[in-house]
Amino acid sequence: MSTRAGIVVTGTEVLTGRVADKNGPWLADRLLELGIELAHITICGDRPADIAAQLAFLATEGVDLIITSGGLGPTADDLTVDTVAGFCGRKMVLDTALEERIADILRKLVSRMPDIDFDDVRTANRKQAIVPEGATVLEPIGTAPGVVVTPVTGGGPTVVVLPGPPRELQAMWPAALSTEALQAAISGRVHYRQDTIRMFGPAESALAEALRVAERDITGFGGLEITTCLRRAELEIVTRYEPGAADAYAALLAHLRERFGDAVYSTDGTTVDQQVAALLAGHWAATAESCTGGLVAGRLTDLAGSSAYLAGGVVSYSNAAKSELLGVDPALIETHGAVSEQVAEAMAAGALRRFGADIAVSTTGIAGPGGGSAEKPVGTVCFGVAMTGRPPVLRTVRLPGNRTDVRERSTTIALHLLRRTLLDANQPG
């Protein structure tokens, strides 16, 4: 069995939802990178009894390592270190050298605040230099040190106590990882591989059936830990496995490719955004959006961290704006309706002209309640892609979900249409 770990996120502000937990997911990723099996993430308030209960629960689950975040400040409610010391059977002692190092940090901070008395601040923060006897101290990133604590009696989990602010926790993690105590706790870890396949088009039910067939036909399938997720109109298949199961994973990949063909668009973990970024090199793109409200332009902008790929974009909800800004013939709208492939084609062509781009994508649809009809219900979205020297690409889909769902899925579909158009344009002949 690989090394198992648990994470305890402390803080009443996190427990009540006033602050979103960023530390648990970040630490989970770091543990995965190390080949450590994460058993549980728990969240509790700043009450010592509740923190102790989480530690005891994880110990009964047989974890080798517990990581806590939060509760290292100088105030009376910051009691994580004291609670961990009791859990590990260690008494708390003043580390005078650490107290001086914290004082040096405070001295620099107070020097910029002439109205604050340094001695008062030092006294208030002295609590942060009281640590479990025999613990490994992790130097402060702010003013709070972390600690790595092992049980006095042995046999229980090693506990790594990290600060709550994500910036401090993330900066302190490498120091925690380098300690002898933590390395000893994770010495039994297995170096797992993790691979991600992304598909666009198939339904979740089709993937579920494909996996049932794979389980029946592929030798060693049981060695694959597979997680599937529908995300932004795509299917994401994340597989974690030991090196010895590499042949089984290769067989799974071949099975999915044979069954779904080009719908398997990524086998190396790259997203459609990343692939479009590579394909757009040397091109200028433009957008003409109605139901997606600028989300396509936003994702194109994010591709390069700037507007390097985006020549410009228009968000036009009214028919008049479509005509004035993109040159869409009002008669076309009158004849076919604003939500139609004909208007989507005209919008894309208009964006191509207006911004001097060589490829443009358009979206026009009914995302919100109250705007649909029997012929075009809510969720109907039309897309157009115009590219210099190529015939237009048009698509109409009907998407489930609320306004946010329809807009997000439409944005992803628009990027996939861009990707396919660019791939086709790069084909010889």
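Which residue takes a positive phi in the hairpin of β10 and β11? In this predicted model, that residue is Arg-232, whose phi is near 55° in a hairpin that has 2 residues between the strands. The points below begin with the strands around this hairpin, then turn to an open sheet of 5 strands, to helix α2 and its covering elements, to the nonpolar cores, and finally to Arg-353 in helix α15.

**Strand β11 and its partners**

- Strand β11, residues 234-241, is mostly covered, since 8 of its 8 residues count as buried.
- Glu-234, Glu-236, Val-238 and Arg-240 point one way from β11, whereas Leu-235, Ile-237, Thr-239 and Tyr-241 point the other way, and all of these residues are buried.
- On the hairpin side, β10 (residues 224-231) pairs with β11 in the antiparallel sense over 8 bridges, and Leu-230 has Leu-235 as its bridge partner in β11.
- Strand β9 (residues 193-200) also pairs with β11 in the antiparallel sense over 8 bridges, with Arg-240 of β11 as the bridge partner of Gln-194.

**The open sheet and the helices across it**

- An open sheet of 5 strands follows the order β14-β13-β15-β16-β17, with mixed pairing.
- Strands β14 (310-315) and β17 (393-398) stand at the edges, and because each has a single partner strand, one side of each is left without a neighbour in the sheet.
- Direction ignored, neighbouring strands of this sheet are turned by 10° against each other on average.
- The antiparallel pair of β16 (residues 380-387) and β17 is joined by 6 bridges, and within it Val-381 stands opposite Val-397 of β17.
- Helix α15 (residues 341-355) lies across β13 (285-289), β14, β15 (359-365), β16 and β17, and runs at about 140° to β15.
- Helix α16 (residues 403-426) lies across β15, β16 and β17, and runs at about 30° to β16.

**Helix α2 and what covers it**

- In helix α2 (residues 23-33), the buried residues are Asn-23, Gly-24, Leu-27, Ala-28, Arg-30 and Leu-31.
- These residues cover an arc of only 165° around the axis, and they are therefore on the same side of α2.
- An α-helix has 3.6 residues a turn, so residues three or four places apart point the same way.
- The cover over the buried residues of α2 includes β1 (4-10), β2 (37-44), β3 (65-69), β8 (158-162) and α7 (166-177).
- Gly-35, just after α2, takes a positive phi of about 80°.

**Nonpolar cores**

- The largest nonpolar core has 30 residues, of which Leu-280, Leu-300, Leu-303, Ile-359, Val-381, Phe-383 and Leu-418 touch the most other members.
- Two or more residues of this core are given by each of α11 (272-279), α12 (295-303), β15, β16 and α16, and the largest share, 7 residues, comes from α16.
- Apart from this core lies another, of 22 residues, among them Leu-72, Val-81, Ala-129 and Ala-135.

**Arg-353 in helix α15**

- Arg-353, which is found in helix α15, has a relative accessible area of 55% and is therefore exposed, the cut-off for that class being over 50%.
- Leaving aside neighbours within four places in sequence, Arg-353 is in contact with Leu-326 and Gly-327.
- Leu-326 and Arg-353 are 27 residues apart in sequence, while their C-alpha atoms are 8.3 Å apart in space.

Notes:
Residues numbered from 1 in each chain as written. Predicted model: local features only at pLDDT ≥ 70, side-chain atom pairs only at ≥ 80, totals over all residues. Heavy atoms only, no water. Pairing = 2+ DSSP bridges. Helix = DSSP H or I, 4+ residues; strand = E, 2+ residues; numbered from the N terminus. Axes fitted to C-alpha atoms, helices over the stretch in contact; angles between N-to-C directions. Contact = heavy atoms within 4.5 Å. Buried < 20%, exposed > 50% of the residue type's maximum accessible area, 1.4 Å probe, protein only. Arc of directions from axis to C-beta. Core = buried A, V, L, I, M, F, W, Y, C linked by side-chain atoms within 4.5 Å.
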